[in-house]
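The exercises below work through one protein model from its overall make-up down to single residues. Each task is followed by a solution in steps.

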Amino acid sequence: MPTSTHVTASSGDHLVLVGTMKGAFVLRADGSRSHWDAGGPYFPGRAVYALMYDGRQGRHRLWAAVNSPFWGSYLSSSDDFGRTWSEPETYGIRFPEGSDTALKQIWQIVPGGADQPDTIYCGVEPAALFRSDDAGATWSLVSGLFDHPHRSKWMPGAGGLCLHTILPAADDSRRVHIAISSAGHYRTDDGGLTWQARNGGVRAQFLPEGQRYPEFGQCVHKMVTHPSRPDRLFLQNHWGLYRSDDRGDSWQDIANGVPSDFGFAMAMDPTTRTPSTSSRSSRTCSGARPREAARLPDARRRRVVGAIDRRAAAGAGARDDPARRHVHGHGLADGRVLRHAQHRVSGRPTPATRGPRCADGLPPVVCVKTARV
């Protein structure tokens with residue numbers, strides 16, 4: 001069993017949480033980000049597909065979705081940046097008795113809206129949403145989605161029937177977007193009581209001609225929201241890059257000149273709005289690379305998302321998706337970009353420049369999250 005190292009973090013420090021197929025790692029740097037300390041491995045030998053830092057209400061809590069083929073999937077938390085982790089006697093994320101459904105794995109964990117300081121959402125496989133309103137002490141199944149009439153017709157994608165994306169709206173915490181592979185995009189406007197499929201204009205390329213724009217059944221791979229325009233969403237589909245300007249009521253394909261419109265990862269750069277995808281392919285929806293995108297008119301620059309082509313996918317990292325290998329870029333505070341390949345994580349001032357490696361020699365990376373203490 002490997003010996004774990006630990007980090008000590010202070011207010012203002014930067015954290016990079018890395019989930020791999022053989023455990024989790026916590027990377028820490030001060031404001032200069034010139035040197036990174038590494039803690040871990042935590043949960044050695046077990047896949048960690050989702051991580052989260054909760055700094056609300058005075059907490060300094062890490063969450064990890066731990067997955068084991070022998071012990072199942074559960075959430076573990078740490079209040080000391082990884083030195084100790086909870087080992088729950090009873091798993092909080094579980095389907096009710098009589099539901100005839102068993103948890104396969106946990107794919108995503110995210111905080112609730114700005115006015116919900118104790119709310120956390122968790123997405124799982126088979127596709128379902130769980131919610132906690134007491135900072136993770138207890139969890140409940142969101143029955144409005146679980147009992148949806150479409151559910152019996154949802155079909156799994158290559159990675160399973162997984163709820164992998166959860167996006168609480170910045171301007172209304174009652175509105176939450178989710179993405180399921182392969183069911184599509186659903187939205188609630190009443191805090192989860194009811195859910196509507198919102199896939200108008202999104203193509204299901206794998207369906208027969210004349211049936212490629214169904215109400216639901218699209219294989220959505222990832223979604224992100226514009227940081228200052230909550231009505232604007234971006235969607236990476238199984239073939240197709242899409243933008244919505246009406247909270248997902250309708251979508252338009254914007255895959256204009258990208259190397260491929262088949263991809264998994266998406267990220268909004270916090271400053272230039274240029275995408276971070278893989279080291280081999282970083283382009284905006286116009287097809288321009290980041291240096292070129294900086295010269296684009298603002299309206300075009302701010303609408304960008306990233307697609308990764310299949311050639312690059314074989315040697316890259318991940319979005320939160322254990323079934324594929326692909327890249328997810330993350331902004332760090334002032335716009336520095338975090339990138340990861342399959343076995344390393346690197347930081348860089350901009351997408352077009354090189355930066356120091358935060359960690360190298362890692363097991364295959366499946367999840368990367370950033371936070372500031």
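Helices (H or I, at least four residues) and strands (E, at least two) are DSSP runs, numbered from the N terminus. The model is predicted, so local features need pLDDT of at least 70 and side-chain atom pairs count only at pLDDT 80 or more, while totals for chains, interfaces and linings use all residues. Residues are numbered from 1 along each chain as its sequence is written, and side-chain values use heavy atoms, with hydrogens and water left out.

**Exercise 1. Describe the protein as a whole.**

Step 1. The secondary structure comes to four helices and 23 strands.

Step 2. Buried means under 20% relative accessible area, exposed over 50%, and partly exposed in between (1.4 Å probe, protein chains only). Of the 373 residues in the protein, 58% are buried.

Step 3. Accessible areas come from the Shrake-Rupley method with a 1.4 Å probe; for residues, only the protein chains shown count as cover. The accessible surface of the protein is about 15,200 Å², and carbon and sulfur atoms hold 48% of that surface.

Step 4. Contact means heavy atoms within 4.5 Å. Among contacts in the protein with a separation of 6 or more, 52% are between residues 24 or more positions apart.

**Exercise 2. Find the residues that touch the most other members of the largest nonpolar core, and the elements that build this core.**

Step 1. A nonpolar core is a set of buried Ala, Val, Leu, Ile, Met, Phe, Trp, Tyr and Cys residues joined through side-chain atoms within 4.5 Å.

Step 2. The largest such core has 20 residues, and L15, F43 and Y53 touch the most other members. Two or more residues each come from β1 (14-20), β2 (23-29), β4 (47-54), β5 (61-68) and β23 (365-372).

Step 3. Beyond its neighbours within four places in sequence, L15 has contacts that include V26, Y53, L62, F81 and A371.

Step 4. A second, separate core has 18 residues, among them Y121, A183, Y186 and F216.

**Exercise 3. List the lining of the second largest cavity and say which strand supplies the largest share.**

Step 1. On a 1 Å grid over the protein atoms alone, a cavity is a set of points where a 1.4 Å probe fits but cannot get out; lining residues have an atom within 4 Å of a point. Grid points are joined across faces, edges and corners, and a volume is the space filled by probe spheres set on the points.

Step 2. The structure holds two cavities of 30 Å³ or more. The second largest has about 30 Å³ of space.

Step 3. Its lining consists of L17, A24, F25, V26, L51, L62, W63 and W85.

Step 4. β2 and β5 each supply at least two lining residues. The largest share, three residues, comes from β2.

**Exercise 4. Are D54 and H177 buried or exposed, and which side chains do they meet in polar contacts?**

Step 1. D54 is found in strand β4, and H177 in strand β12 (residues 176-181).

Step 2. D54 is buried, with a relative accessible area of 1%. H177 also counts as buried, at 1% relative accessibility.

Step 3. A polar contact is a pair of N or O atoms within 3.5 Å; within protein, one must be able to donate a hydrogen and the other to accept it, and residues adjacent in sequence count only if both atoms are side-chain atoms. The side chain of D54 makes one of 3.1 Å with that of R59. The side chain of H177 makes one of 2.9 Å with that of H185.

Step 4. Not counting residues up to four places away in sequence, D54 touches R59, H60, R61, W63 and I120. With the same exclusion, the contacts of H177 include T165, H185, Y186 and R247.

**Exercise 5. Locate the cis peptide bonds at P41 and P126, and the positive phi values at R33 and D100.**

Step 1. A cis peptide bond joins G40 and P41, with omega about 0°; P41 is in strand β3.

Step 2. The bond from E125 to P126 is cis, with omega near 0°. P126 lies in the loop between β8 and β9 (128-132).

Step 3. R33, not a glycine, has a positive phi of about 50°. R33 is in the loop between β2 and β3 and is buried at 8% relative accessibility.

Step 4. D100 has a phi near 60° and sits in the loop between β6 (72-78) and β7 (105-111). D100 is exposed, with a relative accessible area of 80%.

Definitions and conventions:
1 Å grid on protein atoms, 1.4 Å probe; cavity = no way out; pocket = protein on both sides within 12 Å on 5 of 7 lines; lining within 4 Å.
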